[in-house]
Amino acid sequence: MSELVSVEVDGGVATILLNRPPMNALNAEIQGALSAAAVEVGERRDVSAVILYGGEKVFAAGADIKEMERMSYTDMVQHAGSLQDFTRAISRIPKPTVAAITGYALGGGCEVALACDFRVAAKNAKLGQPEILLGIIPGAGGTQRLARLVGPAKAKDLIFSGRFVSADEALAIGLVDEVVEAEDVYAAARRRMEAYVGGPAFALRAAKEVIDRGLEVDLDTALDIERAQFAALFATRDREIGMRSFVENGPGKAKFEGA
């Protein structure tokens with residue numbers, strides 16, 4: 001791992017904490033550490049859900065521009081793949097994820113948030129993809145995930161202009177899912193994730209995979225993916241538990257085993 005990224009697990013919820021003061025700039029080391037953290041929490045049986053958190057002051061203010069400014073075209077040809085790999089690793093965590101956003105989530109920081117399933121923002125948060133102001137475009141998935149989340153026209157507005165978005169505007173356009181006081185961001189994110197602790201882990205995993213993969217293909221192919229995953233869940237113990245509990249006790253009373 002790295003001193004710049006830590007993983008803590010409490011009550012079935014893992015927190016991936018960015019720790020590179022003052023702005024959590026995403027240099028190559030922290031990118032690699034985030035990839036490793038994503039793999040770790042994805043594999044751990046004691047983790048049901050995951051929070052991405054930058055601390056009380058800032059989520060992540062983007063890439064390390066001083067590091068990037070020195071790179072040539074050939075340097076970036078070699079690096080661009082890993083630049084996308086760390087957000088791809090976050091997006092592929094097979095469990096519910098939420099970004100707990102305080103302060104700035106800009107550039108690569110916004111792209112980390114976009115790779116999560118949900119986003120909770122502080123009232124003072126600022127989000128954006130300001131890469132255009134550097135003469136480049138988002139390169140860690142921002143052009144694609146932002147357009148899929150808020151629609152192509154709004155994504156073009158934000159990416160073409162490079163402007164920052166307030167928490168209220170982010171909520172209005174669907175860029176974030178909840179806005180709370182700054183001191184409540186982590187607690188609000190944790191409440192969201194605690195709802196999945198003790199849930200049917202394989203069904204949650206399947207639901208996430210089907211939704212995410214389905215967005216990338218035509219409808220008929222997506223329905224094929226759904227059908228295969230739906231049938232596969234009949235091999236799980238949780239499916240037996242859930243259906244038996246429903247028949248005997250009504251909905252919402254099942255005690256799942258995560259198996």
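Visitor: Before we start, what does contact mean here?
Guide: Happy to set that out, since this is a predicted model and the packing we will discuss rests on it. Two parts are in contact when their heavy atoms lie within 4.5 Å.

Visitor: Which helices do the buried residues of H5 pack against?
Guide: Let's begin with the residues themselves: in helix H5 (residues 142-150), Gly142, Leu146 and Val150 are buried. Seen down the axis of H5, they fall within an arc of 20°, so they line one face of the helix. That fits a general rule: an α-helix has 3.6 residues a turn, so residues three or four places apart point the same way. The partners of these buried residues are helix H4 (108-114), helix H6 (152-161) and helix H7 (167-173).

Visitor: Which strands stand at the edges of the sheet?
Guide: The open sheet has 6 strands with mixed pairing, in the order S1-S2-S3-S4-S6-S9. An edge strand has a single partner, so one side of it is left without a neighbour in the sheet. Those strands are S1 (5-10) and S9 (178-180).

Visitor: And which residue in S9 is the bridge partner of Ala121?
Guide: Strand S6 (residues 118-122) and S9 run parallel, joined by 3 bridges. For Ala121, the bridge partner in S9 is Val179.

Visitor: Which element gives the largest share of the lining of the largest pocket?
Guide: This pocket has a volume of about 1100 Å³, and 36 residues line it. Helix H3 (73-91), S6, H5 and helix H9 (201-214) each give two or more residues to the lining. The largest share, 8 residues, comes from H9.

Terms used: Residues numbered from 1 in each chain as written. Predicted model: local features only at pLDDT ≥ 70, side-chain atom pairs only at ≥ 80, totals over all residues. Heavy atoms only, no water. Pairing = 2+ DSSP bridges. Helix = DSSP H or I, 4+ residues; strand = E, 2+ residues; numbered from the N terminus. Buried < 20%, exposed > 50% of the residue type's maximum accessible area, 1.4 Å probe, protein only. Arc of directions from axis to C-beta. 1 Å grid on protein atoms, 1.4 Å probe; cavity = no way out; pocket = protein on both sides within 12 Å on 5 of 7 lines; lining within 4 Å. Points joined across faces, edges and corners; volume = space filled by probe spheres on them.
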